[in-house]
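Here is my note for your first pass through this model. Keep the viewer open and go point by point.

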Amino acid sequence: MYIKEPYFTKVFKPFIFVLALVPVFILAWSFYSKNLGANPLEAMTHQTGDWALRFLLISLLVSPLKRLLGWNQLTRCRRILGLYAFFYASLHFITYLWLDQFFVWEDILHDIVNRPFITVGMLAYLLLIPLAITSAKFMIRLLKKKWIQLHKLAYVLPILGIVHYWWLVKSNIYEPVLYAVILLIIFIARFICTLKKNTIGQTCE
Ligand code: HEM
């Protein structure tokens with residue numbers, strides 16, 4: 001599959017950019033029109049957390065999809081998808097800091113130390129920051145092999161995100177399990193790619 005270069009750069013990429021903003025617009029509109037249900041804070045925390053995790057997974061889907069569809073241009077969307085994961089995780093974190101904890105640092109620290117799901121969420125967010133900072137093209141050139149090693153964290157982050165989610169749900173584990181299954185499928189696809197790469201010299205970037 002191939003989209004002619006001007007269409008890819010001027011139509012497809014901006015389309016992905018705008019599409020990824022839809023959840024935040026829906027959230028903002030629901031907030032403005034007081035449609036976030038009985039507990040708007042909970043709805044905001046949950047929706048931003050969900051989208052952070054979804055974008056972490058979507059950005060990992062790029063490589064297997066590229067291979068499956070033979071669509072090499074897709075790789076060029078990975079950066080923006082990863083940055084959206086950071087964007088939604090930041091909104092999620094700010095919602096927690098501001099609307100949940102009112103910036104009371106003592107309580108926040110207490111939560112990070114004493115509530116394991118918050119500890120894991122915090123760890124995931126802290127690891128996401130260097131990935132976002134080094135996502136620019138010149139950083140790839142600057143860091144070379146270190147960049148590749150650092151960006152392997154992209155595979156660890158959704159695991160942490162899923163553990164964070166799994167540990168916070170009390171009874172209905174359906175959604176974290178679903179995310180875990182999707183991640184497992186992505187890992188299997190990645191593994192198959194690596195096998196092919198080793199046997200017939202195909203690349204799996
Ligand atoms: C990459 C980082 C993170 C990801 C991917 C993530 C993802 C999620 C997900 C998927 C949920 C559940 C949403 C739902 O129930 O529909 C959630 C809930 C939550 N997260 Fe995160 N999170 C991250 C970081 C953080 C951080 C840094 C904090 C705070 C320090 C945090 C605090 C919370 C809280 C308080 C909830 C709601 C818990 C509840 O319902 O009782 N998360 N997060």
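1. Which residues does leucine 153 touch, not counting residues up to four places away in sequence? The answer is Leu127 and Leu131. Contact here means heavy atoms within 4.5 Å. Leucine 153 sits in helix H9 (residues 153-168). Helices are DSSP runs of H or I with at least four residues, numbered from the N terminus. Look also at alanine 124: its C-alpha atom is 9.6 Å from that of leucine 153, and the two are 29 residues apart along the chain.

2. A word on the source. This is a predicted model, where local features need pLDDT of at least 70 and side-chain atom pairs count only at pLDDT 80 or more, while totals for chains, interfaces and linings use all residues. Residues are numbered from 1 along each chain as its sequence is written, and side-chain values use heavy atoms, with hydrogens and water left out.

3. Turn to the ligand. It is surrounded by 19 residues. To be counted, a residue needs a heavy atom within 4 Å of the molecule. The closest are His46, Asp50, His92, His164 and Leu168.

4. Now check the polar atoms facing the ligand. Histidine 46 has a polar side-chain atom 2.7 Å from a ligand oxygen atom. For histidine 164, a polar side-chain atom lies 2.8 Å from a ligand nitrogen atom. Tyrosine 165 places a polar side-chain atom 3.4 Å from an oxygen atom of the ligand.

5. Threonine 48 belongs to helix H3 (residues 40-69). Is threonine 48 buried or exposed? Its relative accessible area is 2%, so threonine 48 is buried. The cut-offs are under 20% for buried, over 50% for exposed, and partly exposed in between, using a 1.4 Å probe and protein chains only. Leaving aside neighbours within four places in sequence, threonine 48 contacts Leu27, Tyr88, Leu91, His92 and Thr95. His92 also appears among the closest residues to the ligand.

6. Next, helices H5 (residues 105-114) and H6 (residues 116-133). Their axes come within 5 Å and cross at roughly 100°. That crossing makes H5 roughly perpendicular to H6. An angle of 65 to 115 degrees counts as roughly perpendicular; under 35 is roughly parallel, over 145 is roughly antiparallel, and the rest are oblique. Axes are lines fitted to C-alpha atoms, for helices over the stretch in contact, and angles run from 0 to 180 degrees between N-to-C directions.

7. Who makes that contact? From H5 come Asp111, Ile112, Val113 and Asn114, and from H6 come Pro116, Ile118, Thr119 and Met122. By class, the contact has five nonpolar, two polar and one charged residues. Ala, Val, Leu, Ile, Met, Phe, Trp, Tyr, Cys and Pro count as nonpolar, Asp, Glu, Lys and Arg as charged, and the others, Gly among them, as polar.

8. Asp111 turns up again beside glutamine 101. Glutamine 101 lies in the loop between helix H4 (78-100) and H5. Its relative accessibility is 11%, so glutamine 101 counts as buried. The side chains of glutamine 101 and aspartate 111 are joined by a polar contact of 3.3 Å. Such a contact is a pair of N or O atoms within 3.5 Å; within protein, one must be able to donate a hydrogen and the other to accept it, and residues adjacent in sequence count only if both atoms are side-chain atoms. Not counting residues up to four places away in sequence, glutamine 101 touches Tyr96, Asp107, Ile108 and Asp111.

9. Check the backbone at two loop residues. Phenylalanine 103 lies in the loop between H4 and H5. Its phi is near 55°, a positive value in a residue other than glycine. At 37% relative accessibility, phenylalanine 103 is partly exposed. Lysine 34 is in the loop between helix H2 (22-32) and H3. Phi of lysine 34 is also positive, near 55°. Lysine 34 is exposed, with a relative accessible area of 74%.

10. Finally, find lysine 137 in helix H7 (residues 137-143). With a relative accessible area of 65%, lysine 137 is exposed. How far apart in space are lysine 137 and arginine 79? They are 9.4 Å apart, C-alpha to C-alpha, and 58 residues apart in sequence.
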